[in-house]
Amino acid sequence: MKSLLLLSSLFLASTTYASGFTCTGQGFNVQMYNNTQPAKGIHNPAVLVVSHQQHGTLAVLRGDEIQKWNTPQSISYSGQTNAYQTGRFVFAHLFVSKQPLGGANSSQRAGNLTVRMDKKELSARVVCERYLKHN
């Protein structure tokens, strides 16, 4: 019985859950999810979705389309794809500070989103929340 309990606890401890950030601000919503497969690296970006309340989904970037920069102070994600509605190129850059807002126990982080499309550049301050999926 002890062996069964030990094996089940080891199995549950090795389960990988989805993680990333969800960000909102100035009409924008951003979801950035990391890989859940250890072979691909669980902290490597899998999907970055940028949408706006008035304009809908602006960009969906996947896997190798997303570049990640990690410094002691911040994490940045960026990439270029085609817009869903127009087919034109859209560039998105999400900057997330590692410094928590409101103290060490807060899961909120300050962020900045830059979107370039149709010869325009939009910037927005966003608040990002750490995302960790639990069963």
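The following dialogue asks how the labels given to this predicted model are earned.

Guide: Residues are numbered from 1 along each chain as its sequence is written. In this predicted model local features need pLDDT of at least 70, side-chain atom pairs count only at pLDDT 80 or more, and totals for chains, interfaces and linings use all residues, while side-chain values use heavy atoms, with hydrogens and water left out.

Visitor: What makes up the protein chain in helices and strands?

Guide: One helix and nine strands. The order from the N terminus is α-β-β-β-β-β-β-β-β-β. Helices (H or I, at least four residues) and strands (E, at least two) are DSSP runs, numbered from the N terminus.

Visitor: How do you know that C23 and C128 are joined by a disulfide?

Guide: A disulfide is a pair of cysteine sulfur atoms within 2.5 Å. For C23 and C128 the S to S distance is 2.1 Å. That pair therefore meets the cut-off. By this rule the count comes to one disulfide. C23 sits in strand β1 and C128 in strand β9 (residues 120–132), so the pair, 105 residues apart, links distant parts of the chain.

Visitor: What makes the disulfide of C23 and C128 right-handed or left-handed?

Guide: The torsion about the S-S bond. For C23 and C128 it is about 110°, so the disulfide is right-handed.

Visitor: Why is M32 called buried or exposed?

Guide: Buried means under 20% relative accessible area, exposed over 50%, and partly exposed in between (1.4 Å probe, protein chains only). M32 has 0% relative accessibility, so it counts as buried. M32 lies in strand β2. C23 and C128 are both buried too. Buried residues make up 36% of the 135 residues in the protein chain.

Visitor: What does M32 touch beyond its neighbours in sequence?

Guide: Contact means heavy atoms within 4.5 Å. Leaving aside neighbours within four places in sequence, M32 is in contact with S19, G20, F21, P45, V47, L48, Y77 and L94. The C-alpha atoms of M32 and P45 are separated by 7.2 Å, and the two residues are 13 apart along the chain.

Visitor: Why is S106 called buried or exposed?

Guide: S106 has 18% relative accessibility, so it counts as buried. S106 lies in the loop between β7 and β8. Its contacts, neighbours within four places aside, are P100 and L101.

Visitor: Why is Q108 given its accessibility label?

Guide: The relative accessible area of Q108 is 33%, so the label is partly exposed. Q108 is found in strand β8. Residues up to four places away not counted, Q108 touches Q99, P100, L101, V127, C128 and E129. Q108 and V127 are 19 residues apart along the chain, with C-alpha atoms separated by 6.5 Å.

Visitor: What makes a set of residues the largest nonpolar core?

Guide: A nonpolar core is a set of buried Ala, Val, Leu, Ile, Met, Phe, Trp, Tyr and Cys residues joined through side-chain atoms within 4.5 Å. The largest has 24 residues, of which L48, V50, Y77, L94 and V115 touch the most other members. The elements that give two or more residues to this core are β1, β2, β3 (45–52), β4 (56–62), β6, β7, β8 (108–117) and β9. β7 gives the most, with four residues.

Visitor: Which residues does V50 touch?

Guide: F28, N29, V30, T57, L58, A59, A92, L113 and V115, not counting residues up to four places away in sequence.

Visitor: What makes a space a pocket, and what volume has the second largest pocket?

Guide: A 1 Å grid is laid over the protein atoms alone. A cavity is a set of points where a 1.4 Å probe fits but cannot get out; a pocket is an open set with protein on both sides within 12 Å along at least five of seven lines. Grid points are joined across faces, edges and corners, and a volume is the space filled by probe spheres set on the points. By that reckoning the second largest pocket has a volume of about 150 Å³. Lining residues have an atom within 4 Å of a point. Of the 13 that line this pocket, the closest to its centre are F21, I75, Y77, K98 and R130.

Visitor: How do the lining residues of the second largest pocket divide by class?

Guide: Ala, Val, Leu, Ile, Met, Phe, Trp, Tyr, Cys and Pro count as nonpolar, Asp, Glu, Lys and Arg as charged, and the others, Gly among them, as polar. The lining has four nonpolar, five polar and four charged residues.
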